[in-house]
Amino acid sequence: MIEARHLTKTFRDKKRGAIVAVDDVSFTCRPGQIYGLLGANGAGKTTTLRLLATLLQPTSGSATVSGHDVTAEPGKVRANVGFLAASTALYGRLTAREMVTYFGRLNGMDDDAITRRLHQLADELDMHEFLDRRCEKFSTGMKQKTSIARTLIHDPAVMIFDEPTLGLDVMTARSIVRFVRDCRDRGKTVIYSTHVMSEVEKLCDLIGIIHGGRLVAEGTLAQLQQRFGERDMEEIFVKAVGGEAALAAALKN
Amino acid sequence: MTWRYILTVYLKELKDSLRDRRTLISMIVVPTLIIPVLMFGVGTIMTKVIKQAREEGSSIVIVGGADSPGVVGGLKAAKNFHVLADPGDFKQLISDKKIRAAVEIPPHFEASLKEADGSSATVTIYHYEGELKSSLGVNELEKYFGELREKAVEARLAGRGLPVGLVKPFEVKRQNVAPPEKVGGNVIGGFIPYIIIILCFTGAMYPAMDLTAGEKERGTMETLLCSPVNRLNIVLGKFLMVLTAAITTMVLSLLSMGLSAALGISFFAGSQVPAAGGSGGGAIPLIDPLGLVGVFAMVLPVAVFFAALLLAISLFAKSYKEAQSYVSPLIIVVIMPAVVGMLPGIELTAKTSMVPILSLSLVCKEMLSGVWHWNFIALIFGSSCLYAAIALAFAVRMFNREDVMFRA
């Protein structure tokens, strides 16, 4: 379960002054549900997810992840979260096994538990063939599988995905989407950020449209279609953010 | 702070670094291979060049001297001189390094030596200041004419029936009282801390950049920060790795320097290494082993200071390249106090004990000469520990700063 209440994050920039990256964002994401955070580049998706993963601290507002407050108990929050982003890379000089084992240990697991869990994950993700090879020589698909195993080693209740398909080929992107669905089906709380409309349509139970740091619309696909009078997700998105001109202005900033 | 997690991070960083070619080169290859190659290579070349220069004899020209055939003949007959026939433009010849020196013999020189009236003539030697071969030529000419002068004095005294002791009322003799290890401390004691300080810094430099800015650039820093481990544990694990690299580089360098020196001495001097406490004068300088232990103990907090400072500074950078541009100029900052410590007149005082690297350089020199100023040692160790703690606290603070960790 993720609950964000009036979450706000302001950055200080020497040239531009105070920048409100996340502005009074509130939403709830329940177990067995995928919450899609849809927004253009720079809309505040990554900052929101980093706040939930306790990589950043909110300027104001609060959030709880699996019942733990992100400010008061950041360690406990991270212990319950699997965070996968395009920016979370692998250690090239470690093998897949060493990489996953390292994160198991950092999550406080003992070596026996790690071995058992890794075997299970390698079965599920078909990783046995490259488990003892160094990550630097991996194909994109192998890297993604290893990253997934890394996020799942401690079997977290909450999964946070920040544009996980960014820059991936179709096959790898599809396997990621399949994996995200799997997480939901196992009863995990999933939050998924993207700017790809089709992914949101296919995947998300609840959609939040974020623009200029603010959550401008929220609902199921059907609810959003009804509210904006459009069938296509892209049209819904453009309407929700205030038209093409507003979107272009935001992207320019 | 949890040791289990610190150790987990440290062991991973150690494994990762040992698989990195660049770290291996800076930590192991440079200190163990480059130093002996430099010491042996440069040493061999220098010995050869000097030996060759001595053996080939000095090419000189004699200006004047037509009425002093004895002196000219003596110079021509001497094995260590090649006398060129035509003096020509001898100054140009010296400048062009065709000859090492020229000697101008004044008119009636030989005749004036035989005169008993005490008249004095001037022999002028022309040379090229700062040129090695030219100075060798000058030395040989001075030696030749010095001996000639002595003979002339003896002849004049004998002519008047006076004893030689008349102009030599006493002799001046040098006698060394310093034991060999103290000679070593003074001769190379200033040099060793300087080398240690630099190697300690350069050894820490590469891993510090790789473990911070390098990780940010490769995108693994965010992965690591997603783990539940407290950032303090992560910093300490990384810091221990950088410290390991600094100390390994230093220890390997010292070992390889010691071995190269020992091998070099037996190689160049025909395996005649005198034992400690042997004859003082002319002995190969030895270092007090206890002094070396002291140096290690004193360097430790400075190594901690370097490791923490380098970690904090490189953490600020977004990329490895950016980190290099911050860290490289620091080498000069580190070298300067170390060099100042080698200058004469810069002594260990309460004030200099508080200057980070300078104090280490000064106290190590003293310890290697067998002098233990316990009050200064305590003061320096204490202040170094304080600086190290400040640097480590700074590194931890940097790790907890969002604007540093996620600098856009």
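A crossing of two helices is called left-handed if the near helix is turned anticlockwise from the far one by less than a right angle, and right-handed if clockwise. Keep that in mind for the helix pair below. This is a predicted model, in which local features need pLDDT of at least 70 and side-chain atom pairs count only at pLDDT 80 or more, while totals for chains, interfaces and linings use all residues. Residues are numbered from 1 along each chain as its sequence is written, and chains are lettered from A and ligands numbered from 1 in the order in which they are written.

Let us start with the helix pair. α3(A) passes α5(A) in a right-handed crossing. The two pack at an angle of about 25°, with their axes 8 Å apart; axes are lines fitted to C-alpha atoms, for helices over the stretch in contact, and angles run from 0 to 180 degrees between N-to-C directions. Angles under 35 degrees count as roughly parallel, over 145 as roughly antiparallel, 65 to 115 as roughly perpendicular and the rest as oblique, so α3(A) and α5(A) are roughly parallel to each other.

α3(A) also matters when we turn to the two chains. Residues are in contact if their C-beta atoms, placed from the backbone, lie within 7 Å. On this basis 21 residues of chain A are in contact with 19 residues of chain B. With four residues, α3(A) gives the most to the side of chain A that touches chain B.

Next comes a helix of chain B. Helices (H or I, at least four residues) and strands (E, at least two) are DSSP runs, numbered from the N terminus. The expected span of a helix is 1.5 Å times one less than its number of residues. For the 26 residues of α15(B) that gives 38 Å, and the end C-alpha atoms are 37 Å apart, which agrees. Several residues of α15(B) are buried, among them Ile380(B), Leu392(B) and Phe399(B).

Finally, two residues stand out by their backbone angles. Most residues other than glycine have a negative phi. A residue is buried if 20 or more other C-beta atoms lie within 10 Å of its own, exposed if 12 or fewer, and partly exposed in between, with C-beta atoms placed from the backbone.

| Residue | Phi | Place | C-beta neighbours within 10 Å |
|---|---|---|---|
| His6(A) | positive, about 50° | strand β1 (residues 2-13) of chain A | 13, partly exposed |
| Lys97(B) | positive, near 60° | loop between α4 (90-95) and β3 (101-105) of chain B | 12, exposed |
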